[in-house]
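Me: Please take one close look at the empty space inside this protein, and then set it within the fold around it. I would like the terms explained with their cut-offs as you go.

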Amino acid sequence: MSEVTLDQATVNEAMATAVDASEAARGRTSPNPPVGAVVLDASGNVVGVGSTRPPGGPHAEVVALQRAGAAARGGTAVVTLEPCNHTGRTGPCSRALIDAGIARVVYAVADPNPLAEGGARALAEAGVRVEAGVGADRVGRGPLRAWLHKQRTGRPHITLKYAASLDGRSAAADGTSQWITGPDAREHVHSQRAKLDAIVVGTGTVLADDPLLTARFPDGSDAPHQPVRVVVGLREIPADARIRNATAPTVFLRTREVQTVVAALADHTEVLVEGGPQLAGAFLAAGMVDRIVAYIAPVVLGSGTSALENAGVGTIADALRFSIESVEPIGSDIVISAVPAPPKDLAPPKDVAPAK
């Protein structure tokens with residue numbers, strides 16, 4: 001095939017578009033990854049954009065190729081994940097790219113699934129120019145974070161989310177908690193719920209707040225994708241509780257054991273623990289929190305319920321350390337994303353350069 005020469009800015013812009021397509025597919029593709037793909041013609045013009053369809057449907061590359069049509073020949077495919085080399089409910093994307101006459105494939109992260117890997121090798125053997133690693137950090141920390149985590153660990157990726165005042169309170173002294181954060185933050189929460197497989201909440205929160213735990217648009221209508229609602233605890237939930245409505249499926253787990261909850265969610269990829277403080281602390285103490293997303297409001301309550309309780313920390317030496325990924329203003333509030341900090345003994349000595 002002829003050599004394809006495109007400037008890096010064009011490729012980077014295409015990868016950004018592919019990441020956006022990938023993000024839009026989150027929550028709708030499990031157990032498949034929410035991949036995004038862009039096809040550029042030989043001149044670097046976008047001629048096709050696609051994302052993975054629900055299980056049984058075409059993968060992102062095939063969708064983008066279908067939209068590109070004949071313009072794909074001699075062009076470049078930019079994909080968030082290495083094209084698969086596996087025949088399952090659909091054929092291998094590597095073969096689809098070859099048959100479409102794609103001359104160059106750029107992807108962000110390698111496919112860690114042993115059943116699907118090998119696409120880059122198959123493409124190269126067919127004479128397609130292949131480039132890996134473009135946008136890898138953005139993809140790995142973004143729309144493919146949960147799926148890659150499950151491939152590595154065999155369990156769902158678990159995010160702990162809470163809303164709190166500046167002094168770390170989730171409710172005032174009289175138990176009132178609605179609303180600590182503003183409408184923009186609440187809208188953001190709903191947009192994220194619509195991309196999840198499951199939301200976990202304790203019976204205490206259900207009894208105190210009677211939440212719906214559904215994903216809704218600003219006008220109050222329900223989002224097309226709803227995560228499974230998982231209620232954990234031993235207390236009975238009233239028959240008329242809003243969490244029992246038909247908008248989304250609800251599972252009741254009569255346990256307080258975190259490992260039992262995680263095992264019950266083994267078929268899911270992206271899970272959110274949303275409350276309350278005892279459940280949040282239990283997941284932290286069990287080492288089952290892969291990310292914290294904290295919505296912090298510029299208010300001080302002075303007393304009341306802490307956002308987190310009983311996380312297994314008895315002294316400062318045992319503090320659970322996290323690294324800040326991002327701090328983002330949302331309306332009058334901020335949202336902080338943090339991931340567990342690596343153990344200090346894994347960091348290289350300051351006078352020794354990391355291995356290359």
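Reply: The largest cavity holds about 110 Å³ of space, a volume being the space filled by probe spheres set on grid points that are joined across faces, edges and corners. A cavity here is a set of points, on a 1 Å grid over the protein atoms alone, where a 1.4 Å probe fits but cannot get out, whereas a pocket is an open set with protein on both sides within 12 Å along at least five of seven lines; lining residues have an atom within 4 Å of a point. Rolling a probe the size of a water molecule over the atoms shows where empty space is left.

The model is predicted, so local features need pLDDT of at least 70 and side-chain atom pairs count only at pLDDT 80 or more, while totals for chains, interfaces and linings use all residues. Residues are numbered from 1 along each chain as its sequence is written, and side-chain values use heavy atoms, with hydrogens and water left out.

By this rule there is one cavity of 30 Å³ or more. Its lining consists of 15 residues, and Gly27, Pro34, Asp197, Thr269 and Glu270 lie nearest its centre. By class, six residues of this lining are nonpolar, five polar and four charged, where Ala, Val, Leu, Ile, Met, Phe, Trp, Tyr, Cys and Pro count as nonpolar, Asp, Glu, Lys and Arg as charged, and the others, Gly among them, as polar.

The second largest pocket offers about 730 Å³ of space. Of the 30 residues that line this pocket, Arg26, Arg145, His188, Gln192 and Arg291 lie nearest its centre, and the lining as a whole divides into 13 charged, ten nonpolar and seven polar residues. Helix H7 (residues 183-193) gives the largest share of this lining, four residues; helices (H or I, at least four residues) and strands (E, at least two) are DSSP runs, numbered from the N terminus.

As for the sheet that H7 packs on, eight strands form an open sheet with mixed pairing in the order E10-E9-E8-E11-E6-E12-E15-E14, two strands counting as paired if DSSP finds at least two bridges between them. Strands E10 (250-253) and E14 (322-330) stand at the edges with a single partner strand each, so one side of each is left without a neighbour in the sheet. From one strand to the next the twist averages 20°. Strand E9 (residues 228-232) pairs with E10 in the parallel sense over four bridges, and Val230 stands opposite Val251 in E10. H7 touches strands E6 (157-164), E8 (198-202), E11 (270-275), E12 (291-296), E14 and E15 (333-340), and its direction makes about 155° with that of E12. Contact means heavy atoms within 4.5 Å, and axes are lines fitted to C-alpha atoms, for helices over the stretch in contact, with angles running from 0 to 180 degrees between N-to-C directions.

Two backbone details complete the picture. The peptide bond from Ser30 to Pro31 is cis, with omega near 10°, and Pro31 is found in the loop between helix H1 (8-25) and E1. Asp210, in the loop between helix H8 (203-209) and E9, has a positive phi of about 50° although it is not a glycine.
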